[in-house]
Amino acid sequence: MFIETEQFAAQLEAMDELEQQAAYAAVAQWFADHAGKITHHTHLAPVHTATTVRLGQGEPVITDGPFVEGKEVVSGFAEVEVADLDEALKIARSWPACPIVEIRPAS
Amino acid sequence: MNEPVHGQVSQEVLARVVREHAGRLAASLVSLLGDFAAAEDLVQDAVEVALRRWPAEGIPERPEAWLFTVARRHGLDVLRRESNYRAKLARLTSPAPAPRDDRLRLIFTCCHPALSRTAQIALTLRVVCGLSAAQIAAAFLVPESTVAQRITRAKRKIGEAGIPYRIPAAEELPQRVEEVLAVIYLLFNEGYLSSTAERAQARDLVEDAEWLATLLANLLPKQPEAAGLLALIRLHRARGAARFDGQGRLVLLADQDRSLWDRQAIEQATALLTRAARAHRRPGPYQLQAAIVACHAEAETFAATDWAQILVLYDMLLHLAPSPVTRLHRAIAVRHVHGPAQALTELEDLGAVLERYPLFHATRAELLRDLGRREQARTADERALELTANPAQQALLEQRLAWH
């Protein structure tokens, strides 16, 4: 899971067009480099587009915004097929964009 | 200490044999079963049986084969109840594990950075050193259930998150070795600082730390920091007899009876350090700390201490691993080389970060006293006393406050 921070968003915002293009190219390159391991990936739209549905207590409650308001938000995820955690860590270490990557097993 | 039933197996011998063999058995079983948690359960059971029976029956000639047999028998019992163990236990048919030492892989798994530090420590003590949850709990003064829960969670994470059972690749190795060394160093500190005359009965973590450092230094001969940590631990231990007086009170370095130091152990540890430094020429924080302790250990008297050399070593250490606590220790060397006034100036910068660190205030008190500022010295000692939880340090500070 890729996690953006406010600071990272601000940095991206402050870049000129050329720098932004270089940043996006680095991400595209990363996906190309690990294409053999990546089985699926998704980039999420920014947090202001989020809608949350809370279930379980009577009628579902629908609210505007993400379920946790925070300075750090999940901005996307990639599914990788690896033998163990160390292999996943190796791929995560080379991620060129947002500053936090969370690794979780999926089934 | 409890007398063994037939008097032939002391607790100390028992602990040593278990420590030597439990980790080997765990390593073999993880390899055979490919399941860390299942292997660890079997080892724990086998060790429990051993601890119950060996004091009365004596230690078997081949403890490893004995433990393996018990583990396998227990594994077969489990098999009858749980079908998913079937495939794994089929692999347990060989009579005894191969003699290959797989404990390095075991250590790297237990100290994987994806586990919390407390989990790394509990798991290493349990799986590599063969301690029971009760022994770990007693050593860290926490409830046994807390330790058991930490171990259970850690084992679950190893299985579910896919923490591998292998020696890290070359490019990850330095970082991963650092992680293992940090765990051993923490264990050592915990044991060393909490050791007092009254707690002599408790499991000696210092011994486990030295044993682990020895194992690691042997298994990783190309890593000078492993030798550095081992030398550091041995240099501290060589002076252990002089740390407390007859009443169990802490004795400061300057006041220690140096004839109680184990000169031979000091020489050997220094030689180990020198060999590692010369062979690799890659200084690191543990080698440098050991070199500093060696400077103290080699001085015939406190006055003969080579403070100029110590100051150089502290500068190198700070360059590699900047830390406010290291700067505090460096200030003590500055006091002996350049005088208390300069040392105090260096300390003032650290006040903001080390405000809650008792040794900061105790050191400051000493420097202020050197400069004749007795009222301020007293206030600083009082602050140190407020902050320290260690009974031996409290006693020392109370004594100092009463005298001055």
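Author: A residue is buried at under 20% relative accessible area, exposed at over 50%, and partly exposed in between (1.4 Å probe, protein chains only). This is a predicted model, in which local features need pLDDT of at least 70 and side-chain atom pairs count only at pLDDT 80 or more, while totals for chains, interfaces and linings use all residues; side-chain values use heavy atoms, without hydrogens and water. Residues are numbered from 1 along each chain as its sequence is written, and chains are lettered from A and ligands numbered from 1 in the order in which they are written.

Reader: How many aromatic pairs are found over all chains?

Author: Two rings are described by the distance of their centres and the angle of their planes. Rings of Phe, Tyr and Trp (its six-membered ring) pair with centres within 6.5 Å; planes under 30 degrees apart are stacked, over 60 edge-to-face, the rest tilted. The whole structure has 9 such pairs. One of them joins Phe2(A) to Trp30(A), edge-to-face, at 6.0 Å between centres and 85 degrees between planes.

Reader: Which parts of chain A does that pair tie together?

Author: Helices (H or I, at least four residues) and strands (E, at least two) are DSSP runs numbered from the N terminus. Phe2(A) is in strand β1 and Trp30(A) in helix α2, so the pair ties together parts 28 residues apart in sequence. Phe2(A) is buried at 7%, and Trp30(A) is buried at 5%. Trp30(A) also pairs edge-to-face with Trp95(A), at 4.8 Å and 80 degrees. Trp95(A) lies in the loop between α3 and β6, 65 residues from Trp30(A) in sequence. Ring pairs link Phe2(A), Trp30(A), Phe31(A) and Trp95(A) into a cluster.

Reader: How many salt bridges are found over all chains?

Author: Side chains of opposite charge can pair when their charged atoms come close. The cut-off is a side-chain nitrogen of Lys or Arg within 4 Å of a carboxyl oxygen of Asp or Glu. The search finds 32 over all chains. Among them, Glu207(B) and Arg237(B) have their closest N and O atoms 3.5 Å apart. The pair links helix α10 to helix α11 of chain B, 30 residues apart. Glu207(B) is partly exposed at 30%, and Arg237(B) is partly exposed at 30%.

Reader: Is the salt bridge partner Asp381(B) buried or exposed?

Author: Asp381(B) is buried, at 0% relative accessibility. Its partner Arg400(B), with closest N and O atoms 2.6 Å apart, is buried at 13%. Elsewhere, shared partners join Arg19(B), Glu207(B), Asp208(B), Glu210(B), Arg234(B) and Arg237(B) into one network of salt bridges.
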